[in-house]
Amino acid sequence: MDNKPILIVEDDLGISESLQEYFESKGYPVFLAKHGQAALDLLEMSSTPKLGLIFLDLMMPVMDGFTFLSELLGKHPIIFAHTPIFIMSARADTQKLQIKTTGLVKKPFELEELAKIAARYCGTSARPVN
Amino acid sequence: MNTRVKLLIVDDLKDNLLALEGLLGRDDIDILKANSGSEALKLLMGHEFALVLIDVKMPGMSGFELAELMRGTNNTKEIPIIFVSATARHPNFLFKGYESGAVDFLLKPLDAHSVKSKVNVFIRLYLGQRAQKELITELTKAKLDLEQAVRIRDEFMSIASHELKTPLTSLKLQAQMRKQKLKEGDPLAFTPERLTKMFDGDEKQIERIAHLIDDMLDISRISLGKLTLNFEQFDLCELVRDLVERNSDQFVAAGCPVKIDTCQSAVGSWDRFRIEQVVMNLLMNAVRYGPGKSIFLQVTTSPNGVRIVVRDQGQGIAVENHGRIFQRFERAVSGSEVSGLGLGLYIVKQILEVHQGSIRVESELGQGATFIVDLPRLEQKEEIHNG
C-alpha cells in the first residue's frame, strides 16, 4: 500500500526543502506551503489527495500557524478532525495555542523523530517517490 | 529637597491671627490665615498643610467641629492639629480617635517658646513624612520601569531564540541528511556540484546567525550607552559606490538592481563601519519589502552635511507607522509576517543619532518608501559615545 502524503507548512525554504528531500527519499509524497493561506488553498483544491500528516510552523508571513489552525477548524472541521497535525516550533510560547493538535516537534528537530511520526501516520512503504 | 511648608492658623480674632503669625513667621514657612471654620475648610481644599492651629472657641463652627470635618475627609484627616484654648480643661476626651493621633494643645496666654518648639516638632515630622512619600513614589516608578524592562527582555529573548533556531534547524537537518547519505554510500550525493551547493547554503545560514548575533550585541551596547564611534576621514560617495559594487550579486539575485546617483565626493569624518551598516541596512530593507523592484540610492551634499536617500518600490508604510518603525522590536507589518528581530531601523537610528545625524521616512501604503538620512560633517575625531 502506498504511503500517504505529508504537507509541510514552513516559510523557511532551507528547512522545508530539506524535509521534502528527506521524506521523498523515504517514499512519502510531499506538498510544501510557505504559509497558512497557501496551505488552506492547497487543502481546498479538489486535486489534492487526502493527507496523512501536516507539519506546521507557527511564525510565518501572510498567515501564521495559529491563524491557520483556527481557519482550518472553522472552515473545514472534517479535514481538521481527520488529519494529524504536528507543530514544528522553536517558540517557547506554544502554550498560547488555543487549539489542540496531535503533537509538537521542537526545532531544531531530529530527523529520526520526524521519521517515526511519518511512519506512524503515513505508512512505511519503502518505495521511493519519483 | 524642598523644605518649604505651609501652616494654617484658624482664629476668629484678627489680633490673635496676627500675633501667631508674628510668632511663627519664618522664611521657610508660608502662613495662611482663616478667621472661621468654613474659611479654613476652603483653604484646606486648595493647599497641602504641614499643620493646622485651631482656636477652639469660635462663633459658628467651633474648633472641634472643624476638626471633626477634617477627620471625615481623606485629604485632610492626616493633618496634625494643635488646638489653642483659653480654658484649662483638657479637651482630649472631646476629640478621641483623630486619625493621625497627632493632636496637641496650647493654652492661652501663649508662651512664645513652647509654641515655637511644638510647631517645630510637627514641621520636622511632616518633612520626614514628605521625604518618605517622595521616596516611595520614586521607588514605585523605578519598580515599574524595571518590570517593563524585564518584559521587553523576555519578549526579545523569545523572538531572538526563534530567529536563531530557524537557521540552526536548517543546518542540523542538512548535517543529519548528509550523515545518512554517507551511511547509505550514495556516491551521487557528494559530487563537487552538490557539495558546492551545500556549502553555499551552509554559509548563508551561518551568516544569518552571525548577523542576528551582531544585532543583539548592538542592542545591548546601545542600551548600556556603549555604542562607540571610531571617526576617520573618508569619502561617503566612494563608500556607497563600493558597498553596492561589492554586494551587487545579492541585489541582482533578488531582482533589485540598485541605481546610484552620487555627487563627485562627500568627504567628512564619520565611523566608516557604522555608516556602511546604516546604508546596507536600508538597502536590505528595500530588498526585503520590495523584491523584484529596483532601488534608488542617492548621495548629495549641502554646506552642513551629507544626505543619503534610499527609495524602494515596495509595499510602503502607512503614515501612522512612520514613528513606530524606528523603535525597538517594531516593524510596519505585523509580528509574524516578516522574519528578523525588528531591530534594524532602531540600530540605524541610534547610530545616526550618535553621529548627530537623523533619519526619517516618506511613504504611503502601496507607494514604496523613501528613507532620508542627514549626516553632519563632524569636525571632531575623538570617540563619541551614545547615552
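Two strands count as paired if DSSP finds at least two bridges between them, and strands themselves are DSSP runs (E, at least two residues), just as helices are runs of H or I with at least four, both numbered from the N terminus. This is a predicted model: local features need pLDDT of at least 70, side-chain atom pairs count only at pLDDT 80 or more, and totals for chains, interfaces and linings use all residues. Residues are numbered from 1 along each chain as its sequence is written, and chains are lettered from A and ligands numbered from 1 in the order in which they are written.

**Exercise 1. Work out the parallel sheet of chain B and what packs on it.**

Step 1. Start with a pair: Lys6(B) stands opposite Asp30(B) in S2(B). Strand S1 (residues 5–10) and strand S2 (residues 29–34) of chain B run parallel and are joined by 6 bridges. Further along, Val10(B) has Ala34(B) as its bridge partner in S2(B).

Step 2. Add the connection. S1(B), helix H1 (residues 14–24) of chain B and S2(B) form a right-handed β-α-β unit; right-handed means that, with the strands pointing away from the viewer, the path from the first strand over the helix to the second runs clockwise.

Step 3. Lay out the whole sheet: it is open, with 5 strands in the order S2-S1-S3-S4-S5 (chain B) and parallel pairing. S2 and strand S5 (103–107) of chain B each have a single partner strand, so one side of each has no neighbour in the sheet.

Step 4. Put a helix on it. Helix H2 (residues 37–46) of chain B packs on the sheet, touching S1 and S2 of chain B, and its direction makes about 165 degrees with that of S1(B). Here contact means C-beta atoms, placed from the backbone, within 7 Å, while axes are lines fitted to C-alpha atoms, for helices over the stretch in contact, with angles from 0 to 180 degrees between N-to-C directions.

**Exercise 2. Now do the mixed sheet of chain B.**

Step 1. Get the order: this open sheet has 5 strands, S8-S10-S11-S13-S12 (chain B), with mixed pairing. Its edges are strand S8 (258–262) and strand S12 (358–363) of chain B, each pairing on one side only.

Step 2. Zoom in on one pair. Strand S11 (residues 305–311) and strand S13 (residues 369–376) of chain B are antiparallel over 7 bridges, with Arg307(B) opposite Asp374(B) in S13(B).

Step 3. Add the helices. Helix H8 (residues 272–289) of chain B packs on the sheet, touching S8, S10, S11 and S13 of chain B, at about 20 degrees to S11(B). Helix H6 (residues 236–246) of chain B lies across S8, strand S10 (295–301) and S11 of chain B, at about 165 degrees to S8(B).

**Exercise 3. Which residues of helix H2 (residues 36–44) of chain A are buried?**

Step 1. Apply the cut-offs, using C-beta atoms placed from the backbone: buried takes 20 or more other C-beta atoms within 10 Å of the residue's own, exposed 12 or fewer, partly exposed anything in between. That picks out Gly36(A), Ala39(A) and Leu43(A) as the buried ones.

Step 2. Check the geometry. They cover an arc of only 60 degrees around the axis, which puts them on the same side of H2(A); the arc is that of the directions from the helix axis to the C-beta atoms. Over on the other side, Asp41(A) and Glu44(A) are exposed.

Step 3. Find the cover: it includes strand S1 (6–9), strand S2 (30–33), helix H3 (65–75) and helix H4 (77–82) of chain A.

Terms used: Two residues are in contact if their C-beta atoms, placed from the backbone, lie within 7 Å.
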